[in-house]
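This briefing covers one protein chain, topic by topic. Please keep the sequence and the structure open while reading.

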Amino acid sequence: MSTEQQPVYIDTANACLRLGGRAVALTPKAFTVLVYLNEHPGRLITKEELLEAVWPGRFVTDAVLKVCIREIRKALEDQPRAPRFIETLHRRGYRWIAAIGGGEDAAPASVAPQSHTPISLIGRDEVLAQLHGWLDHALIGNRQVVFVSGEAGIGKTALVEAFVEQAANGGKRLLGHGQCIEQYSAGEPYFPVLEALGAICRQRGEQAVSLLTRYAPSWLAQLPWLSGSAGTEIARRDTLNPSHQRMLREMAEWLEALTAEAPLLLVLEDLHWSDLSSLDLVSMLARRRGVARLMLLVTYRPVEAILAGHPLNAVKQVLQVHGHCEALALNYLSAADVDTYLNRRFPAHTFPPPFSAFIYRRTEGNPLFLLNVVDYLVARSVLVACESGWALHCAIEDLDPGVPEGLRQMIERQVERQSPAEQVVLEAASVAGSEFNTTSVAAALQADPVETDACLVRLARGEQLIHDCGLQEWPDHTVSARYRFVHALYQNVLYHRQGAAQRLQSHQRVGAQLERAFVSRSAEVAAELALHFEQGRDYPKAIAYLRQAAAGAAARSANREAVGYLTRARAAAGQDAEAQMTLLQERGQVRRAMADMAGAAEDFLALASCAQTQAQLDRQAMALIYAALCLLWVDRRRCLAVSTQLEALALRLDDVRLRTHVRGLSAYMRFMWRGWRNEDAQACNRAVEAARQADDPVWLNLWLGRFSLFQILSSDYAAGSRSAEEAAGRALQNASTMEYLLAIFYWGWALLNLGEWGRMHAVLRHGIEVADMNDSDMGAVMHRLALASLLLETFDFETARELAQLALQRAQAAGLGYARLLASILLGRAYLGLAEYELAFQHLNDTRRGLARERVVMDLILRMPLYGALSEYWYRQKHYARARREANRLSALAARPDCVTYQALAQRALARIAMAEERWEEAEAALTPALRRLETAPAPLAQWRVYATAAEVHLHYGRNAEAQRYWAASRAVLAQLADSLNDVSELRRALLDAAPVQAIIGRCEAIP
């Protein structure tokens, strides 16, 4: 940037400088300093006056003020030794010596001409042109994702910075920049994305926050620094933990909405150090096909990614194969480029022609090495300035012994040129991180922060080792200057040139300083604190902060990163059994939340083993319970084995209440795999009562939804509905997506049997929405299947078929065996309703064979509708013996849990078969127990059908009054069902227009 011939204004409305028509952003404090100086032109402003004006009532060192002055000078290209704007009065203060306008009509300051040649971009014209070509595509709505790759020192950052500056000059565009950092970002979810998001929100203000509220509420909930009206609203809202896929989708939608207003250039640097969640987001943004004026520019080192086992290279290759991204691999500079560089840096030089070839041969065209080698030769007075220009001060053949062989050696030599005190400061800074501040470095050295910053200011002034990055303020109101190493290699070299004991001590001190500063907000820097205490061998603190980092990652649904933190914590815990058990418990719960049931089960089983070794029976029991709940979905044999183990363990437990729960869970597992037994149901009932009496939230959360299943199967539909509704409410409070969706499914089933169909429809629609938002395959499929069941009861067979078919496809893709079988049964029933009997039998028979081949979880719930549908199929085919066999199977199966609905439907099926065979006495005998049972246990799904069939039997015998009474009773039940659908008019109409219902209505209207 040059201020040559550009009008310079202070734009107070937007808190920035304006050079010509272009805004140049300053940090808030630097801008305040600029305004104060400009308001007092020509007068000495002491340091004390400036500090009090800008930081009233705060303790801030002179170093902070120096950072602001440097930032202003950099923006104005003002030289301290030849100032045009700010004059420094040594040890006293500053004087404003230029006239800058404060409005559009003000006269511009006079600016001396200055030239700058971007020698770091020599040889990059072609790649810059490619980047601008891709940017042009992005500006018209064709999103562009570009991977810029190259090895360390090849100039990726310089290229990106130049491109960003050129792109910013082209119009009103947004810029988001995020940097992955080797020490702290590995595993920290969305580290570079959140950094970029902050930059975007600072540029766009309320508009960006408003769009976050609308399109990405789960992200807004993770950004406490954005808390205003919208942030507070999110904090109050009762929401479930968003899934990983939901967070990715929300961010993609937010970016698309944002870029509808202004184009966005999003830069993520050094992605070979990124967390996996950020990589997932890059992949999603590349794959989406919607319009977005977005250019995502990613830089990375391929070799680093390979050595670290990072999946970045594989992801990029897949995206590239499918045309979802562009790839730009930077090459080393050519011999001609090196020659051009020397000619531009040293105009009118007299270097002999072989000198350029020597430099090229030694550096192999690596730009960073090239700059360092030439700087080294200048510093050693090998290249000297003379009257005629620059000259080589020795023979070419004498250069080899003095010039380092590699970049690391070059950096070592560069560091060694600093004073011993400066080297010590740089080494301490390398412990603090690739980005660091004065306070951390001073803490590592146990030195005076003012003296430390004075040293860092001197080092930053040369910009050869570190750069100035402005100011940083911590929660304890400490304000200090922030710096970063010119390249990660500099930090790496400085870090490893120290002894292990020195590094350990520095990490301890930096961690302690950071801990004090963030005492009330440690979650914000938990990963950084954990690393310092890990490296400082303070393992108890490292474990505490790794657990905190894991909790933060899980809150962002970055469960893989959370598992990584907890795995590191286990390594730090060593032989500490108590810590190991705590970490296994937490990691198991994270894996369970991410549906890694196999991994979660292994953690809980390891926890159980460790607890057994420590003779902690209660903990062992809880671990086995969670292991069984996970194994329920993945391994029948091991699940039953754990259930048996639980049953045996219960005998040894002293806690009566826990013993009750353990026996209840063991019974629940037996029921899920082996079918109904009254003693199992009673054991579960006792466990629920124990949880109720103790008002134990943990056990109530585990039991309520699951026990509602027992209540529904035993025909206590109202109680089942209440239990499932309460379970859903508790799961919502605890942000437990899995438990919530399970409760919603059982609640919907209870409402179906209760005849509250309109409420069922609303509950399931909400469940589908939550499942879809949280990318729960199981929830999305099961709730759609429950809705299909409702459609079948209202005779909307075609819509039920479509819904069940889609659910079947998704269940097959997700490997959901139970859902796949249930979908096939519902498809069979739908095809029966559509009179497509061949397709109906195909689905029903496939399900029957599947159940015969292998036991599946909850197969009792599958077999009852399957036997009922097969009986109906054979009845319509007039194979009455087969129809009777299936009906008898249904009757026997439903009798075990005393399921009134299916018992009554089975007895009605037997009656209809007998009627078809003109065996009327048998038909009446079959109906009698069903009618008697329905008097005391209402079951509307069966009632209207059983009453209508009873009316036909009475009519056959000439008992017209009885027939009319049963038709009226049937119609009354149908009227109640129709009334429950008043808010779902299409289903109400489908029910009332159905031929069987119209026949009953017609019969009733014919009654005098």
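One open sheet consists of three strands in the order β14-β16-β15, with antiparallel pairing. Its edge strands are β14 (435-437) and β15 (466-473), each of which pairs on one side only. The model is predicted, and the points below group its features by topic.

**Sheet β14-β16-β15**

- Direction ignored, neighbouring strands in this sheet are turned by 30 degrees against each other on average.
- Six bridges join β15 to strand β16 (residues 479-485), and the pairing is antiparallel.
- Within this pairing, Q472 has S480 in β16 as its bridge partner.

**Sheet β4-β6-β5 and its helices**

- Another open sheet has three strands in the order β4-β6-β5, and its pairing is antiparallel.
- β4 and β5 form the edges, and each of them pairs on one side only.
- The average turn between neighbouring strands of this sheet is 30 degrees, direction ignored.
- Helix α1 (residues 28-39) lies across β4, β5 and β6, and runs at about 65 degrees to β6.
- Helix α2 (residues 47-54) also packs on the sheet, where it touches β4 and β6. The direction of α2 makes about 70 degrees with that of β4.
- Strand β4 (residues 44-46) pairs with strand β6 (residues 93-96) over three bridges, in the antiparallel sense.
- Two of the residue pairs can be named: L44 has R95 in β6 as its bridge partner, and I45 has Y94 in β6.
- Strand β5 (residues 86-89) is joined to β6 by four bridges, and the two strands run antiparallel.
- E87 stands opposite R95 in β6. R95 is thus a partner of L44 as well as of E87.

**Helix α23**

- How many of the 10 residues of helix α23 (residues 526-535) are buried? Eight are, and the helix is mostly covered.
- The buried residues of α23 are A526, A527, L529, A530, L531, H532, F533 and E534.
- These buried residues pack against four helices, namely α18 (420-432), α22 (500-517), α24 (539-555) and α25 (559-573).
- After α23 comes R537, which has a positive phi near 60 degrees.

**Two buried helix residues: A788 and Q943**

- A788 is found in helix α36 (residues 777-793).
- A788 counts as buried because its relative accessible area is 1%, and buried means under 20%.
- Leaving out residues up to four places away in sequence, A788 touches A800, L803 and L826.
- From A788 to Q548 the C-alpha to C-alpha distance is 43 Å, and the two are 240 residues apart in sequence.
- Q943 has its place in helix α44 (residues 940-956).
- Buried or exposed: which applies to Q943? With a relative accessible area of 10%, Q943 is buried.
- Q943 touches L934, P938 and V973, again without counting residues up to four places away in sequence.

**A nonpolar surface patch**

- W633, V634 and M778 make a nonpolar surface patch of about 260 Å².
- One of these residues, V634, is found in the loop between α28 (617-631) and α29 (636-650).
- Why does V634 count as partly exposed? Its relative accessibility is 46%, and the partly exposed class lies between the buried limit of 20% and the exposed limit of 50%.
- M778, another residue of the patch, falls within the range 777-793 of helix α36.

**The chain as a whole**

- The chain has 47 helices and 16 strands.
- Along its principal axes, the C-alpha trace spans about 130 × 65 × 60 Å.
- Of the 1008 residues, 55% count as buried.
- The chain exposes about 42,800 Å², of which carbon and sulfur atoms supply 50%.
- Among contacts in the chain with a separation of 6 or more, 66% come from residues 24 or more positions apart.

How values were computed: Residues numbered from 1 in each chain as written. Predicted model: local features only at pLDDT ≥ 70, side-chain atom pairs only at ≥ 80, totals over all residues. Heavy atoms only, no water. Patch = residues over 30% accessible without salt bridge, like charges linked within 9 Å, V, L, I, M, F, W, Y side chains within 5 Å. Areas by Shrake-Rupley, 256 points an atom, 1.4 Å probe, with all protein chains shown as cover. Salt bridge = Lys/Arg side-chain N within 4 Å of Asp/Glu carboxyl O. Buried < 20%, exposed > 50% of the residue type's maximum accessible area, 1.4 Å probe, protein only. Contact = heavy atoms within 4.5 Å. Pairing = 2+ DSSP bridges. Axes fitted to C-alpha atoms, helices over the stretch in contact; angles between N-to-C directions.
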